[in-house]
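Dear colleague,

I am handing over the structure below, together with an account of what was found in it. Please read the notes alongside the coordinates and tell me if anything is unclear.

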Amino acid sequence: MSMRSKERHARLLEALNAGEIDVDDLARRFDVSASTVRRDLQHLSRNNAVRRTYGGAILTGHATETTLEQRLAVQGKEKQAIARAAIDLVEDGDTLILDAGSTVAAFGRLLLQRRLRVITNNLALLPFLAKAPSIELVVLGGTLRTTSMSTMGPLAHDALRRMTADRAIMSADGVVGGRGLCEADLEQVALKSLMMEQSRDVIVLADAGKLGRAEQLAWAPLPPRWTLVTDAGATEEQRQSVTDAGAQVIVAET
């Protein structure tokens with residue numbers, strides 16, 4: 001499958017999260033033919049992500065969680081800009097906890113020349129960080145979560161409780177001021193909460209589309225003071241909502 005079709009599938013799922021969408025509307029939105037959209041929807045329905053309707057489609061059940069590969073295909077420029085802005089918050093000699101997620105993966109790939117200790121459950125980063133001679137890499141074990149290519153569960157918790165860090169670099173499906181980080185899975189948020197507890201500072205990397213988004217069922221509360229790095233698409237209302245909830249907001253220029 002081409003990167004273009006992967007991106008279109010991920011964007012289709014995001015559009016469908018907002019409700020029922022018809023084929024002609026999706027074709028106009030993505031500047032492709034209606035037959036291309038029908039093929040995309042057929043592919044997604046085979047994977048049980050969507051249910052076809054007359055002239056369109058709806059999601060099956062609650063918001064569908066996209067894979068790491070699909071998330072990397074969406075909003076690549078924004079993710080790269082957020083990652084570059086977040087690098088300025090890291091000092092040589094720091095111990096970092098890196099969460100799972102595509103924006104944190106983009107951030108981790110920029111660390112190769114830095115002198116750091118990195119603790120992570122983000123398996124997608126290991127081939128990159130393993131090449132860096134000045135990074136001491138600690139990998140959290142546990143149960144593999146294939147959608148995010150990360151580890152979780154009691155083994156990851158037991159290891160993490162033995163370590164503390166200067167900064168936790170976090171991601172989420174949604175970020176809501178006063179509620180915290182939103183995710184699909186209770187085990188995910190349990191590990192995220194422990195990552196934040198074990199760190200002096202918490203830095204959340206989230207594009208504008210995630211701010212105020214509360215479509216999943218599990219929550220990890222944020223500390224009283226934290227830092228949000230987002231992109232220039234974030235509205236004044238979105239920024240104010242998280243500022244009121246204790247965040248220092250850094251806007252990355254794309």
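Seven strands make up an open sheet with parallel pairing, in the order β6-β5-β4-β9-β12-β14-β15; strands here are DSSP runs of E of at least two residues, helices are runs of H or I of at least four, both are numbered from the N terminus, and two strands pair if DSSP finds at least two bridges between them. Because β6 (135-139) and β15 (247-252) each have a single partner strand, they stand at the edges, and one side of each is left without a neighbour in the sheet. On average, neighbouring strands of this sheet are turned by 20° against each other, direction ignored, where axes are lines fitted to C-alpha atoms (for helices over the stretch in contact) and angles run from 0 to 180 degrees between N-to-C directions.

The model is predicted, so that local features need pLDDT of at least 70 and side-chain atom pairs count only at pLDDT 80 or more, while totals for chains, interfaces and linings use all residues. Residues are numbered from 1 along each chain as its sequence is written, and side-chain values use heavy atoms, with hydrogens and water left out.

At one edge of the seven-stranded sheet, strand β5 (residues 116-120) pairs with β6 in the parallel sense over five bridges, and Val118 has Leu137 in β6 as its bridge partner. Helix α5 (residues 76-87) packs on this sheet, touching β12 (199-205), β14 (226-231) and β15, with its direction at about 140° to that of β14; contact means heavy atoms within 4.5 Å. Helix α10 (residues 236-243) also packs on the sheet, where it touches β14 and β15 and its direction makes about 150° with that of β15.

There is also an open sheet of three strands, in the order β10-β11-β13 and with antiparallel pairing, whose edge strands, β10 (174-176) and β13 (218-220), each pair on one side only. Its neighbouring strands are turned by 30° against each other on average, direction ignored. Three bridges join β10 to strand β11 (residues 180-183) in the antiparallel sense, and Gly180 in β11 is the bridge partner of Val176. Helix α9 (residues 186-197) lies across β11 and β13, running at about 0° to β13.

As for side chains, Thr36 is found in helix α3 (residues 34-46) and counts as buried because its relative accessibility is 14%, buried being under 20% relative accessible area, exposed over 50% and partly exposed in between (1.4 Å probe, protein chains only).

With best regards
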